[in-house]
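Biologist: I'd like a close look at a single part of this model: the domain contact. Please walk me through it at bench level, and add whatever else in the chain you'd keep an eye on.

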Amino acid sequence: MRIISADVVVIGGGGAGLRAAIAAAEADPGLAIALISKVLPMRSHTVAAEGGSAGVVRDDDSLDNHFDDTVTGGEWLCDQDVVDYFVRHCTEEMVQLERWGCPWSRKPDGSINVRFFGGMKVQRTWFAADKSGFHILHTLFQTSHKYPAITRYDEYFCADLIVEDGRVRGVVAIEIATGEMVLFHCKAAVLATGGAGRVFRQNTNAGIVTGEGMGLALRAGAVLRDMEFVQWHPTCLPGTGILMSEACRGEGAILTNKDGYRYLQDYGLGPLDPWPRAKAMELGPRDRLSQAFWHEDKKGNTIQTPHGSAVNLDLRHLGEKKILERLPLITEAARTFAGVDPVREPIPVRPAVHYTMGGIATNVMTETAISGLYAAGECASVGIHGANRLGSNSLAEIVVFGKVAGERAAQYVRSARPVSPERTARLAEASATRVLRLLGNERGERLAEIRDAMMDAMEEGVGLYRTEAGLKAACRTLADLRARYRRGIRLDDRNRAFNTEWLAAIELGSMLEVAEAMAHAALWRRESRGAHQRLDATARDDRRFLVHSIARSGGDGAPQIKSAPVTITKSRPGSRVYGGAGAKAELT
Ligand SMILES: Cc1cc2nc3c(=O)[nH]c(=O)nc-3n(C[C@H](O)[C@H](O)[C@H](O)COP(=O)(O)OP(=O)(O)OC[C@H]3O[C@@H](n4cnc5c(N)ncnc54)[C@H](O)[C@@H]3O)c2cc1C
């Protein structure tokens with residue numbers, strides 16, 4: 001096995017990983033920082049983000065407003081000390097991106113332009129047309145080249161973390177081009193591996209968003225938090241799941257059912273007028289809009305398409321000039337993938353899984369339960385999003401907490417005791433043997449069969465609305481699928497060079513564990529809050545469930561779920577109302 005020595009290993013070349021690597025290099029230019037990514041960093045999923053990133057900038061806005069929208073939006077399951085830190089650092093990170101070259105859209109007078117996003121009472125979403133993620137990622141990627149401390153390992157796949165005595169010692173990876181096993185011997189590691197949307201079938205995520213980092217952390221002894229909170233985005237193209245960004249509604253798009261009726265007014269988001277109004281109708285939060293779709297569908301008010309039912313996202317009244325200026329990517333995607341020109345026709349949309357609110361549990365300093373292991377970005381649960389993430393808070397999160405993770409890791413390595421490379425190498429050999437064994441299986445199932453069955457179980461049992469019976473069935477199926485996975489996967493391709501089937505088989509192991517954590521946490525949470533809705537426990541239950549769920553690996557068995565306290569500082573839990581009722585509640 002090839003051995004590479006580094007001080008800090010950053011796993012993930014998306015927004016959070018690049019920001020962490022830059023911060024570590026700035027904190028200590030003498031460090032050796034290895035930045036590992038299974039795809040070229042510019043293909044990380046941050047590139048797909050469209051709408052923009054939150055940061056208070058207008059005179060009529062305040063940090064208190066951002067804090068309040070976030071905590072209310074997350075239905076009081078956010079850690080308020082973390083949200084406080086977050087809102088105080090978003091804007092400086094947006095300015096930092098600007099200085100590194102991010103081309104934020106501007107007003108005619110040259111000042112920063114911001115747009116409305118769902119659940120936010122003031123316009124505070126910085127955007128670069130509807131290609132915000134592309135520009136942020138590009139900016140971070142080109143900036144990372146300035147730092148000789150950072151060495152990139154593009155197309156290296158991390159298969160295991162080496163942890164002993166509760167401390168990180170290394171990372172075992174596969175060089176994808178050759179299949180060679182590589183041990184990155186290190187003192188600290190930052191997980192920035194993104195979300196896990198691919199455990200569901202209908203989703204907006206690329207094939208690489210498989211929850212790998214969550215699986216690595218869980219197996220190494222860290223815990224996952226709030227995994228039951230999976231976000232459905234209300235406006236995705238049926239069939240492909242391609243996202244029609246919330247920026248559409250931020251710019252004024254409306255949602256209508258098969259009769260042309262703006263049905264959101266029937267779901268606590270109206271009244272219609274005056275419109276547009278922040279936190280009302282189409283500017284409501286994602287959980288509420290996705291749930292309203294579900295009810296409209298049950299009432300038979302949706303449009304039938306070859307890929308399932310849909311409602312209409314109508315931009316036509318915005319006019320061609322504004323549509324092309326503010327939403328060029330959406331226009332192109334609707335034309336190419338739905339055969340619909342948004343300038344002339346409404347776009348059929350439906351909810352699809354989009355974002356993992358839960359993840360590897362960290363504190364505000366991005367520290368996990370394992371010394372020297374940090375997590376940031378969508379793979380982490382630092383405590384901002386609670387039961388429902390507000391759109392545009394994630395791009396801000398990856399830079400705010402990516403930076404913290406890099407700085408903390410750099411600081412940690414200064415005081416970390418040296419570890420024996422020989423001992424780490426022995427542990428890594430055992431881990432490599434397990435990974436290589438997958439290539440040699442003569443018998444076993446096709447990985448696609450198990451992966452398909454997992455996605456079906458998640459769609460059926462762990463969907464937008466859940467019941468005890470459905471969740472129990474999903475848990476049983478997932479346990480069975482994990483047992484089948486352990487019995488063996490038979491690969492058609494036995495080569496080590498560029499063997500994507502092998503990598504997919506390794507990923508499937510993590511996906512099954514992540515899916516199981518989601519299903520068990522959802523079964524445990526017998527209440528309805530934010531994105532987690534139970535038909536058999538429809539009320540929010542603060543007495544029993546104003547707590548985080550924590551999932552710990554049960555080895556070959558089911559994950560163990562327990563609770564952990566939520567940090568509440570200044571916002572006492574209240575009712576979460578939007579539309580006219582929400583505006584009234586805020587005035588009183
Ligand atoms: C279509 C879409 C639109 C969105 N729009 C917005 C928006 O407008 N505003 C907003 O705030 N949020 C938005 N989001 C959410 C936001 O973009 C993501 O949450 C965020 O970009 C995640 O960044 P990340 O750095 O955590 O992960 P990613 O960008 O997903 O990067 C993960 C990295 O980890 C690497 N990796 C993973 N596993 C391994 C492994 N085993 N070995 C090696 N490397 C590995 C990958 O190669 C990749 O480099 C959107 C999401 C989607 C899907």
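Modeller: Let's start with the term we need most: buried area is the accessible area (1.4 Å probe) that two parts lose on being put together, summed over both. A word on the ground rules too. This is a predicted model, with residues numbered from 1 along each chain as its sequence is written. Local features need pLDDT of at least 70 and side-chain atom pairs pLDDT 80 or more, while totals for chains, interfaces and linings use all residues, and side-chain values use heavy atoms with hydrogens and water left out.

Now to the domains. The assignment gives two of them, with bounds that come from an automatic or database domain assignment: domain 1 covers 236-351 and domain 2 covers 440-565. Take the C-alpha centre of each, and domain 1 and domain 2 turn out to lie 30 Å apart.

What actually touches? Six residues on the domain 1 side meet six on the domain 2 side, where contact means heavy atoms within 4.5 Å. Put domain 1 and domain 2 together and about 510 Å² gets buried, with carbon and sulfur atoms giving 70% of that. If you want names on the domain 1 side, go for Asp287, Gln291 and Trp294: these residues lose the most area to domain 2, and together they account for 80% of what the domain 1 side buries.

How many salt bridges run between domain 1 and domain 2? The count is zero, a salt bridge being a side-chain nitrogen of Lys or Arg within 4 Å of a carboxyl oxygen of Asp or Glu. Side chains of opposite charge can pair when their charged atoms come close. Across the whole structure, the search does turn up 57 salt bridges. One to click on is Lys570 with Asp84, whose closest N and O atoms are 3.2 Å apart. Lys570 sits in the loop between strand 24 (557-565) and helix 16 (579-587), and Asp84 belongs to helix 3 (residues 80-100), so this pair ties together parts that are 486 residues apart in sequence. Those element names come from DSSP runs, helices being H or I of at least four residues and strands E of at least two, numbered from the N terminus.

Last stop, the backbone. Scroll to the loop between strand 14 (254-256) and helix 7 (286-298), where you'll find Pro271. The peptide bond joining Gly270 and Pro271 is cis, with omega at about 5°. Lys279 is in the loop between strand 14 and helix 7 as well. What is phi of Lys279? It's near 60°, so to speak on the positive side, in a residue other than glycine. For background, most residues other than glycine have a negative phi, and most peptide bonds are trans.

To pull the domain part together: about 510 Å² buried between domain 1 and domain 2, six residues in contact from each, and zero salt bridges between them.
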